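Hello,

Here is the structure I promised to pass on to you. Have a look at it first, and then read my notes below with the model open beside you.

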Amino acid sequence: RQIEQSLGSSAKAPQPSEMSTRLVARKSLVAKTAVRKGEVFTADKVDCKRPGTGMTPFLYWEMIGRTATKDYDVDDLIEEKL
């Protein structure tokens, strides 16, 4: 029974000690180059970088082809409503 307990659960979940580093370890969508209001987001204008406090990179393909609603400088977090 001790071995069964030491193996733990098969469910994967973040440990409490990992929660504080979650935002730092995750990534966000950022402007790779300066993007001005009205410009279209293209693959050469969008990048994924840390920290993960902005839009998730899972939305990368939804951002490509959309029009910027505000100005972004290099490495600014992209904040667009989808």
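**What I found**

Of the contacts in the protein with a separation of 6 or more, 61% are made by residues 24 or more positions apart. Please keep in mind as you read that this is a predicted model.

Let me start with the overall picture. The protein has 3 helices and 2 strands, and along the sequence they follow the pattern α-α-β-β-α. How far does the C-alpha trace span along its principal axes? The answer is about 65 × 20 × 20 Å. The radius of gyration is 18 Å, whereas a compact globule of 82 residues would have one near 12 Å. Of the 82 residues, 20% count as buried. The protein exposes about 6200 Å², and carbon and sulfur atoms supply 54% of that area.

Next, the two strands. E1 and E2 run antiparallel and are joined by 4 bridges. If you want to find one of the partnerships yourself, look at Ser28, whose bridge partner in E2 is Lys49. In a regular strand, side chains alternate between the two faces of the sheet. Are the faces of E1 covered or open? Both are covered. Ser28 and Val30 are buried on one side, and Leu29 and Ala31 are buried on the other.

Val46 is a good residue to click on next. It belongs to strand E2, which covers residues 46-49. Is Val46 buried or exposed? It is buried, because its relative accessible area is 2%, and the cut-off for buried is under 20%. Leaving aside residues up to four places away in sequence, Val46 touches Leu29, Val30, Lys32, Phe41, Tyr60, Ile64 and Ile78. You can also compare its position with that of Thr56, which is 10 residues away along the chain: the two C-alpha atoms are separated by 12 Å.

Now for the charged residues. How many salt bridges does the structure hold? There are 5, and I will walk you through some of them.

- Arg36 pairs with Asp73, with 3.3 Å between the closest N and O atoms. Arg36 lies in the loop between strand E1 (28-31) and E2, and Asp73 in the segment after helix H3 (60-63), so this pair ties together parts that are 37 residues apart in sequence. Arg36 is partly exposed, with a relative accessible area of 33%, and Asp73 is also partly exposed, at 42%.
- Lys45 and Glu39 meet through their side chains in a salt bridge, at 2.8 Å from N to O. Glu39 is partly exposed, with a relative accessible area of 26%.
- Lys70 and Glu79 form a salt bridge too, at 3.3 Å from N to O. Lys70 is partly exposed, with a relative accessible area of 34%.

Lys45 deserves a second look. It sits in the loop between E1 and E2. Does Lys45 count as buried or exposed? It counts as buried, because its relative accessibility is 17% and the limit for buried is under 20%. Not counting residues up to four places away in sequence, its contacts are Val30, Ala31, Lys32, Thr33, Val35, Glu39 and Val40. Glu39 is therefore on the contact list of Lys45 as well as being its salt-bridge partner.

Finally, two details of the backbone. As background, most residues other than glycine have a negative phi, and most peptide bonds are trans. With that in mind, here are two places to check:

- Arg50 and Pro51 are joined by a cis peptide bond, with omega at about 5°. Pro51 is in the loop between E2 and H3.
- Asp75 is not a glycine, yet it has a positive phi of about 70°. You will find Asp75 in the segment after H3, where it is partly exposed, with 42% relative accessibility.

If you would like a route through the model, begin with the antiparallel pair E1 and E2, go on to the buried Val46, and then trace the salt bridge from Arg36 to Asp73. After that, visit the cis bond between Arg50 and Pro51 and finish at Asp75 with its positive phi.

Enjoy exploring, and write back with any questions.

Best wishes

How values were computed
Residues are numbered from 1 along each chain as its sequence is written. This is a predicted model: local features need pLDDT of at least 70, side-chain atom pairs count only at pLDDT 80 or more; totals for chains, interfaces and linings use all residues. Side-chain values use heavy atoms; hydrogens and water are left out. Buried means under 20% relative accessible area, exposed over 50%, partly exposed in between (1.4 Å probe, protein chains only). Contact means heavy atoms within 4.5 Å. A salt bridge is a side-chain nitrogen of Lys or Arg within 4 Å of a carboxyl oxygen of Asp or Glu. Two strands pair if DSSP finds at least two bridges between them. The radius of gyration is taken over C-alpha atoms; the globule rule is 2.2 Å times the number of residues to the power 0.38. Accessible areas come from the Shrake-Rupley method with a 1.4 Å probe; for residues, only the protein chains shown count as cover.
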